[in-house]
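Me: Got a minute to go through a model with me? I'd like to talk about its strands and a few odd backbone spots.

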Amino acid sequence: MTRARSTINLLLSLLAIFLSGCSSLAPSALTGTDRVNVYFATTRQFSATRNPDSAFLNRATPNERFRLGTAVVDIPLPHYEGSPRGVKISAFKPGLEQAGLTPGEFHRLVKAEAQNQRRPVIVFVHGFNNGFESAAHRAAIFTHDLQPDVAAKPIIFSWPSEGKLLGYSSDEDSALLNQDRAREFLDLIRDRGALSPIVLIGHSMGGRVLTYALRDLALIRNGHWPPIRQPMFAHLILLEPDVNTDYFNENLVRMRALCVHVTVYASSHDRALRLSQLLHGFQREGEFSTASLAKGIDVIDASAAKTDFIGHAYDGPQLFNDIRELLHGRTMEQRLGTTLTKNPGSGAFALVK
């Protein structure tokens with residue numbers, strides 16, 4: 001009976017996660033539409049007969065083959081900070097009937113974006129039960145709401161989540177199968193001659209995709225002679241990571257070697273990750289009570305930014321304001337009193353309420 005009740009609660013909780021939305025207290029004052037071009041790399045199949053917002057399917061390409069291009073995302077104004085309401089993909093460049101960008105073209109465009117804008121580029125990797133369109137929407141929202149502190153065009157890596165509430169186990173396998181492609185993607189977007197001004201953001205199971213890929217990149221680099229010491233990416237930000245805490249700790253050194261800063265936003269009331277822990281029997285990095293507090297990473301309690309019943313989605317002003325401060329190079333201590341508070345007993349840092 002206890003197991004059955006836990007299963008029912010899991011399903012209800014996961015359902016609530018993906019039916020819920022996020023919004024801030026007040027929308028922007030502008031009206032009209034803001035258009036964001038999102039570079040994408042995906043191993044999803046596509047259908048040219050569908051409208052742009054549903055053209056990429058929840059099935060993998062043969063051998064997880066890449067497709068590269070640009071999605072045009074429209075954000076209606078006024079816009080609540082962090083809210084996906086009304087956001088949609090309106091077009092692709094090149095169009096779906098074309099082959100898309102070559103890896104060389106994709107790399108040159110991404111590199112030019114970082115150099116011309118002189119601002120960091122957002123790279124977003126989605127989690128469980130997310131379609132291509134939701135990843136593109138969220139990357140566009142991050143970029144729109146973090147202006148003028150980030151480059152105008154974000155990037156997504158979209159792996160073929162099954163897009164079903166009961167597809168959790170299938171998505172876990174898909175994330176694992178896309179490990180090589182995620183590594184190739186990160187290798188493709190980085191600047192080989194210097195530190196890439198890139199902010200890697202992984203949400204939930206997307207945190208696994210990123211940590212798998214970074215681990216592989218580090219292992220490959222460790223076999224290089226002479227040794228390469230320079231980091232590849234400016235930031236790694238994990239939001240509610242559905243990542244085994246022990247795995248995270250074992251590979252932390254590798255991630256720190258590749259990324260200048262590693263920041264984890266966790267929560268003390270993330271019911272989805274508690275249920276994930278129940279299923280796996282291992283602690284999850286996105287639960288603040290069990291998150292790694294190892295030296296070399298910043299762990300921030302995002303409980304105050306709870307925006308849904310489950311506590312697994314907290315996009316909004318508190319999160320975005322702290323990320324802005326992070327991108328400006330301010331340490332957690334320097335952000336005290338503005339975007340962060342500190343527990344006098346435990347010394348833990350938390351988003352302001």
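**Strands and backbone oddities**

Reply: Sure, let's start inside the sheet: Ile 122 sits opposite Val 199 in E8. Keep in mind that this is a predicted model.

Me: How many bridges join E6 to E8, and do they run parallel or antiparallel?

Reply: E6 covers residues 121-125, and E8 covers residues 196-203. The Ile 122 and Val 199 pair belongs to this strand pairing. The count is five bridges, and the two strands run parallel.

Me: Which residue in E7 is the bridge partner of Val 123?

Reply: E6 also pairs with E7, in parallel, through three bridges. For Val 123, the partner in E7 is Ile 155.

Me: What is the hand of the β-α-β crossover from E6 to E7?

Reply: After E6 the chain goes through H3 before reaching E7. H3 spans 132-145 and E7 spans 155-158. That crossover is right-handed.

Me: Why is E6 described as largely enclosed by the rest of the structure?

Reply: In a regular strand, side chains alternate between the two faces of the sheet. Here Val 121, Val 123 and Val 125 are buried on one side, and Ile 122 and Phe 124 are buried on the other. E6 is largely enclosed because the number of its residues that are buried is five of the five.

Me: Which residue in E7 stands opposite Tyr 39?

Reply: E1, residues 32-42, pairs with E4 in the antiparallel sense over 11 bridges, with Gly 32 opposite Leu 77. E1 also runs parallel to E7, joined by four bridges. Across from Tyr 39 in E7 you'll find Ile 155.

Me: Where is the cis peptide bond that leads into Pro 78, and what is its omega?

Reply: Pro 78 is in the loop between E4 (67-77) and E5 (88-93). The cis bond runs from Leu 77 to Pro 78, with omega near 5°.

Me: And which residue comes before Pro 148 in the other cis bond?

Reply: Pro 148 lies in the loop between H3 and E7. Omega is near 5° for this bond too, and the residue before Pro 148 is Gln 147.

Me: Is Glu 240 buried or exposed?

Reply: Glu 240 is in the loop between E9 (233-239) and H7 (245-258). Its phi is positive, about 45°, although it isn't a glycine. The cut-off for buried is under 20% relative accessible area. Glu 240 has 0%, so it counts as buried.

Me: What is the relative accessible area of Glu 64?

Reply: Glu 64 is found in the loop between E3 (56-60) and E4, and its phi is positive at about 50°. Glu 64 is buried, with a relative accessible area of 19%.

Conventions. Residues numbered from 1 in each chain as written. Predicted model: local features only at pLDDT ≥ 70, side-chain atom pairs only at ≥ 80, totals over all residues. Heavy atoms only, no water. Buried < 20%, exposed > 50% of the residue type's maximum accessible area, 1.4 Å probe, protein only. Pairing = 2+ DSSP bridges. Right-handed = clockwise from strand over helix to strand, strands pointing away.
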